Amino acid sequence: MNPESTYKKLERKFYTRNLLTVAKELLGKIFVKNDGGIVFSGIIVEVEAYDGSVDEAAHTYKGKTKRNEIMFGIGGFLYVYFTYGAHFCSNVVTGTQDSGTAVLIRALEPLEGINRMIFNRFGRDLIKEKEKFNLTNGPGKVCKAMSITKDHYGVDLTGNKIFLLDQPKINDARISISKRIGIKKSVDLPWRFYLNDNPYVSRK
DNA sequence: CCACGGATTGGCT
DNA sequence: GCCAATCCGTGGA
C-alpha cells in the first residue's frame, strides 16, 4: 500500500465523471466498509460497467423504477440489488444526474477483516490455503464476505460507513478488457476490466 | 393477481 | 461442465 495515498478518501468529483473512465480507474482502489468499528477492506481487482442509455443489460435500460432509482442520481452512491433469490451485488453509481450508470464490483483482494470474511462466507474459522482465493472473487461473494445487504442501498460513498481510498492509477499494461459475464443482452460490449496479474479475479 | 427470470453460486455428474 | 436453489422486482392481464 502506498503511504502517501492510503488515507485519502475518493471525493464526489471522482465518481461524477464518465462511466468507463471511472470503471477503469476503480481498479486498484481500496473498498472499505466500517460498520460500527467492524472493518472490512480490499483492493478492487475486477469491475463491469453498465449504462442504461445504450446497454440492454443495465437495470436502468427501461427507465426509472423504485429498485434502480439510485442509479439515476449523481455518482458516488452505492447501488445494491438482490438476484437469483440468494445474492446481493454492489455497484458504484457514476456520472451526473439521470445518467443511469454504475460499476459492478465483481472481485476484491481482501486486506482487512479477513477472518470475519472467512466466517461470513463459509460459516467456520479455518480454511484451506486455496480457499482464500474463493473469498471475494465474485460480486455475490464480495457482499457475503463483507455483510453488504439491501440495508446498504443508497449509502453515500463520501461518508464514513462505506467509502473508497485513493491509490496510484494502475498502468494500462496490467489491465485486461473483456466482455461482461453472466448477461444475456448487449453481450458484446467490452465493459469488463480486471487486473491481469491478480489471483483474486473471478475468471481470466 | 400471477408468471417470469435474473449483472450468481455451489454442488453434483 | 451442467443445473437447481430461491426471492422479489417487474410487467402483463
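Q: How far is a phosphate oxygen of DNA strand B from an N or O atom in the side chain of Arg-106?
A: In this predicted model, the side chain of Arg-106 presents an N or O atom to a phosphate oxygen of DNA strand B. A pair of N or O atoms counts as a polar contact within 3.5 Å. The Arg-106 pair is therefore a polar contact by that cut-off, with a separation of 3.2 Å.

Q: Which residue has a polar backbone atom 3.1 Å from a base nitrogen of DNA strand B?
A: Side-chain atoms reach the phosphates, as with His-59, whose N or O atom is 2.7 Å from a phosphate oxygen. For the base nitrogen, the partner is instead a polar backbone atom. That backbone atom, at 3.1 Å, belongs to Ala-57.

Q: Which element gives the most residues to the surface near DNA strand B?
A: Strands S3 (78–83), S4 (87–94) and S5 (101–112) and helix H4 (139–146) each give two or more residues to this surface. Among the residues that come nearest to DNA strand B is Gly-140. The greatest contribution, three residues, is that of H4.

Q: How many residues of the surface near DNA strand B are charged?
A: The protein has 21 residues around DNA strand B. Nine of the surface residues are nonpolar and eight are polar. The charged residues number four.

Q: Which strand gives the largest share of the largest nonpolar core?
A: This core has 42 residues, and Leu-26, Phe-31, Ile-44, Val-47, Leu-78 and Leu-164 have the most contacts inside it. Leu-78, for example, touches Phe-31, Ile-148 and Leu-157, among others. The largest share, five residues, comes from strand S2.

Technical notes. Residues are numbered from 1 along each chain as its sequence is written. Chains are lettered from A and ligands numbered from 1 in the order in which they are written. This is a predicted model: local features need pLDDT of at least 70, side-chain atom pairs count only at pLDDT 80 or more; totals for chains, interfaces and linings use all residues. Side-chain values use heavy atoms; hydrogens and water are left out. A nonpolar core is a set of buried Ala, Val, Leu, Ile, Met, Phe, Trp, Tyr and Cys residues joined through side-chain atoms within 4.5 Å. Buried means under 20% relative accessible area, exposed over 50%, partly exposed in between (1.4 Å probe, protein chains only). Helices (H or I, at least four residues) and strands (E, at least two) are DSSP runs, numbered from the N terminus. Contact means heavy atoms within 4.5 Å. A residue is near a molecule or strand if one of its heavy atoms lies within 4 Å of it. A polar contact is a pair of N or O atoms within 3.5 Å; within protein, one must be able to donate a hydrogen and the other to accept it, and residues adjacent in sequence count only if both atoms are side-chain atoms. Ala, Val, Leu, Ile, Met, Phe, Trp, Tyr, Cys and Pro count as nonpolar, Asp, Glu, Lys and Arg as charged, and the others, Gly among them, as polar. Lists of a residue's contacts leave out its neighbours within four places in sequence.
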